[in-house]
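Visitor: Could you take me in close on one part of this model? I'd like the place where the two chains meet, plus a quick stop at one residue away from the headline numbers.

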Amino acid sequence: MMDTNEKFRMRLAELFRTQNLAALSTHQAGQPYASLVAFYAADDLKHIYFVTPKTTRKYANITADNRVAVMVNSSTNKASDFHQAISVTAVGKVEEVVGSDRDLILEQYLAKHPYLEEFVRSPSCALLKVAVNSYYMVKNFQNVMELHLEP
Amino acid sequence: MNWILPPEEIQSGDRHRVGGKGYALSLLAKNGFRIPRTICITSDVYHEFVQRTGLRERILLELHRKDFKAMRWEEIWDCATRIRNMFLNKPFPDGLAQEIRTAIGDRFRDQPVAVRSSAPEEDDARSSFAGLHESFINVAGVDSIVKHIRLVWASLWSDAALLYRQEIGLDVEKSSMAVVVQETVAGDRSGVVFTKNPNDENQGIIESVYGLNQGLVDGTVAPDRWIMDRARNTIVTHTPAERKHWMIPGSKGVYLAKLPEDKSAQPPLTPQDVDYVFKTARQAEVSFKAPQDVEWTFDRDTLVLLQSRPITTLRSADKKDERGWYLSLHRSFDNLKNLRRKIEDELIPGMIAAAESLRAIDLAGLPDQDLAAEIRKRWEINHKWANIYWADFIPYAHGVRLFGQVYNDAVQPDDPYEFIDLLTNTDMASIARNNMLMELAGIIRSDQRLAEKLRQGDDADLDASFRSKIDEFIEKFGDLSCSVTGGKNCVLGTGPLYRLLLEMAEHPALTESGRKDDRIKHLRQKYFNSFDNDQNKRAQELLELARSSYQLRDDDNIYLGRIEAQLLAAVQEAKRRLEEHSGRQASETLKKVLEDVDFGTKSPKVDPDSNAIRDKLRARQLVGQPAGPGIAKGRARVIQKHSDLADFKHGEVLVCDAVDPNITFVVPLATAVVERRGGMLIHGAIIAREYGLPCITGIPDATTLVKTGDEITVDGYLGIVTLGDTGL
């Protein structure tokens with residue numbers, strides 16, 4: 001049976017709650033580039049947040065073009081992943097969080113990743129927000145569902 | 001779950017939760033011995049705290065910044081300092097705090113207590129952590145007790161404890177800590193008993209002092225000593241101490257006081273007391289089925305046992321006790337005060353006088369034979385002072401570390417290195433030298449004719465006042481030629497100095513980071529406000545000691561450099577003569593002395609170029625310790641050999657193996673500093689901080705993975721060097 005919108009969102013929220021790391025895709029001059037980031041997703045699923053030093057390739061790529069993809073999955077490096085794991089790709093646009101929102105988001109981010117406190121508070125790091133346009137969820141090996149969020 | 005257990009509720013299965021000390025106390029209580037009122041904060045509380053606050057992973061991130069075995073002791077100390085600060089600053093999770101505070105408040109109210117470490121791996125027959133984990137006595141009030149519980153937890157991660165665990169093969173990731181909170185018994189006589197003498201199994205030992213045990217345990221109060229016959233429970237010998245002091249409780253903690261005269265004339269124990277103490281300890285030995293090391297005190301006439309643990313240093317033990325070395329990593333305040341007097345009053349004036357008297361000798365006028373003797377003499381003098389440097393000057397750096405710990409414990413700042421701001425802006429010799437260089441560069445900057453003359457190497461008719469300033473600089477700091485052209489094989493001359501001045505003159509020079517008076521005033525206030533009035537004098541003394549220790553960390557190298565320069569000057573004179581008079585008989589004497597003191601003609605070793613490998617495998621980001629905040633980018637100037645300094649250009653990043661104060665004259669030209677050697681308090685970090693430059697230390701292979709000319713970005717906040725374009 002197909003997931004309802006609500007069920008889809010529940011699965012997403014559960015995946016985001018249980019996973020710490022996401023693969024981030026950026027690109028520059030036609031060359032894609034992938035990085036691992038520690039992420040936090042807002043409850044409304046509209047935004048995914050991560051932190052990066054401003055000296056990294058991913059930050060330079062994002063500065064040149066803010067379109068990104070973010071993949072989160074539940075695989076455990078076992079054969080059973082093929083039928084059990086869920087993988088979600090989010091696509092959207094990224095921007096740096098500044099101003100008064102920053103402290104609020106950081107507090108939520110650190111509740112999920114308390115061990116990254118020194119890292120995220122470094123003045124050389126940026127807090128980034130992906131405004132998600134669409135989610136693509138893969139489960140049962142090749143079953144793909146899409147969720148396109150209202151702009 | 002019972003987070004907190006009194007001794008009577010501790011069961012045999014709880015040993016791993018309450019640690020060796022807590023478990024031994026419960027057995028003492030159950031066997032009818034008198035112990036102080038006690039509760040045990042189990043290791044479950046520790047686990048809950050580090051898990052829920054994220055500290056567990058933060059600690060492991062800190063310790064895995066690089067391979068632990070590759071860390072220098074200084075780097076491990078830095079890790080331990082940051083971890084200690086995490087424990088002090090992280091609030092207790094909801095619920096946990098309330099439970100602990102209630103348990104402490106109910107049992108002790110405002111009564112002073114001892115807060116003692118009780119690691120589950122501690123005090124068993126295999127390993128002893130005595131002295132490596134911290135314990136605190138005479139702590140009063142719930143807030144203060146809770147703070148000291150955190151400090152005991154943090155001591156699980158002290159530099160000494162980390163190194164000791166590695167030495168005896170314990171897994172640091174499985175470490176945990178229980179804490180024993182025990183009412184303070186203000187005994188007027190205290191001591192320890194070894195029920196079996198580690199050196200003679202037929203004997204036991206009692207040591208006793210007036211006042212609290214702390215003075216005996218930390219070695220500040222000499223004890224009376226009784227050797228006991230185990231078979232007969234009789235005294236074999238009594239060795240009285242010179243009884244001058246005792247340790248007594250103060251408003252906070254304990255302090256050393258003069259022993260009243262009526263007590264100093266009498267041993268702390270009568271023969272009947274000795275008999276009673278020894279028999280009681282022997283009963284404990286029976287209860288534990290092993291020889292014991294028992295701490296005790298007399299509360300008026302009642303004997304109270306404070307703790308009991310198996311003796312780990314008996315000859316039959318298959319493992320040598322290595323704790324002594326790890327404990328020596330820290331120096332006491334009094335020890336450092338004595339060292340300061342010795343260094344400031346004897347050693348520094350001695351070094352200056354030694355360099356001066358050598359400089360006064362006219363080397364050119366000495367016959368070859370005398371010059372050879374002079375080189376030998378200078379080599380020995382240099383060697384003597386180098387030994388003193390290691391024996392006295394290096395340990396004196398602990399003054400900064402001691403202050404750092406006291407500051408962090410008292411102020412609990414977010415940044416564990418905030419204390420360094422109170423130590424900078426001392427009148428360091430290297431800064432005075434650099435200021436003088438900048439003054440000379442300023443003169444050149446405003447006088448094109450002078451600049452041109454220096455550029456042409458024409459210093460024959462320099463303006464007299466400029467010449468005299470140059471002479472004054474050389475008299476104080478040398479002509480920098482040996483620093484630039486390379487130690488043993490240096491070529492004397494003012495060329496390198498002029499090139500450096502010309503480079504400085506072409507750019508507006510960097511100045512020290514400024515006095516930041518308001519911030520320093522604020523930090524001083526924060527520091528002093530953290531102490532009671534009666535502790536202020538000691539806090540002031542410690543700050544002064546730390547400032548002196550910080551300044552000397554750099555200056556000692558400058559002074560040692562002056563002596564070495566005099567040795568090098570004599571060596572250069574000998575080399576000059578050998579070149580001029582090759583083949584003559586007298587040259588053999590000089591040749592021999594140069595070989596003997598290892599100043600022959602061997603070329604300095606240079607690391608092989610690894611370009612071929614680098615083409616395939618290239619570093620992008622290198623992680624070290626953030627040792628100076630800020631972010632900057634520039635071309636790297638990698639110092640493989642001294643002569644590389646001669647090419648240093650304004651705006652470059654200084655990348656080197658180990659910054660030595662004798663080479664930091666290029667720092668005012670630099671945009672950042674990267675050093676292979678690790679530590680927050682090493683020379684590179686100190687000088688970078690003085691100039692407000694980003695600095696990273698402790699990057700293994702920094703000088704081989706980074707090449708001169710590479711564009712690099714130095715993130716001094718996170719300790720990351722990025723090679724190549726960063727888009728910044």
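Guide: A bit of vocabulary to start: a polar contact here is a pair of N or O atoms within 3.5 Å, and within protein one of them must be able to donate a hydrogen and the other to accept it. This is a predicted model, so keep that in mind throughout. With that cut-off in hand, look at A:Asp65, whose side chain makes a polar contact with the side chain of A:His27 at 2.9 Å. A:Asp65 sits in the loop between helix H2 (57-64) and strand S4 (67-73) of chain A. Its relative accessibility is 17%, so A:Asp65 counts as buried.

Now for the place where the chains meet. Chain B brings 18 residues to the contact and chain A brings 16 residues. Together they bury about 1,300 Å², with carbon and sulfur atoms giving 61% of that area. On the chain B side, B:Arg58, B:Arg620 and B:Leu718 supply 36% of what chain B buries against chain A, more than any other three residues.

As for charges, there are 3 salt bridges between chain B and chain A. B:Arg58 turns up again here, forming a salt bridge with A:Glu118 whose closest N and O atoms are 2.5 Å apart. The polar contacts between the two chains come to 5 residue pairs, both partners being at pLDDT 80 or more.

Which elements of chain B do the touching? Helix H3 (55-63), strand S20 (711-715) and strand S21 (720-723) each supply at least two residues, and H3(B) has the largest share, 3 residues. By type, the chain B side splits into 7 nonpolar, 6 polar and 5 charged residues.

Key:
Residues numbered from 1 in each chain as written. Chains lettered and ligands numbered in written order. Predicted model: local features only at pLDDT ≥ 70, side-chain atom pairs only at ≥ 80, totals over all residues. Heavy atoms only, no water. Contact = heavy atoms within 4.5 Å. Buried area = accessible area lost by both parts, 1.4 Å probe. Salt bridge = Lys/Arg side-chain N within 4 Å of Asp/Glu carboxyl O. Helix = DSSP H or I, 4+ residues; strand = E, 2+ residues; numbered from the N terminus. Nonpolar A, V, L, I, M, F, W, Y, C, P; charged D, E, K, R; others polar. Buried < 20%, exposed > 50% of the residue type's maximum accessible area, 1.4 Å probe, protein only.
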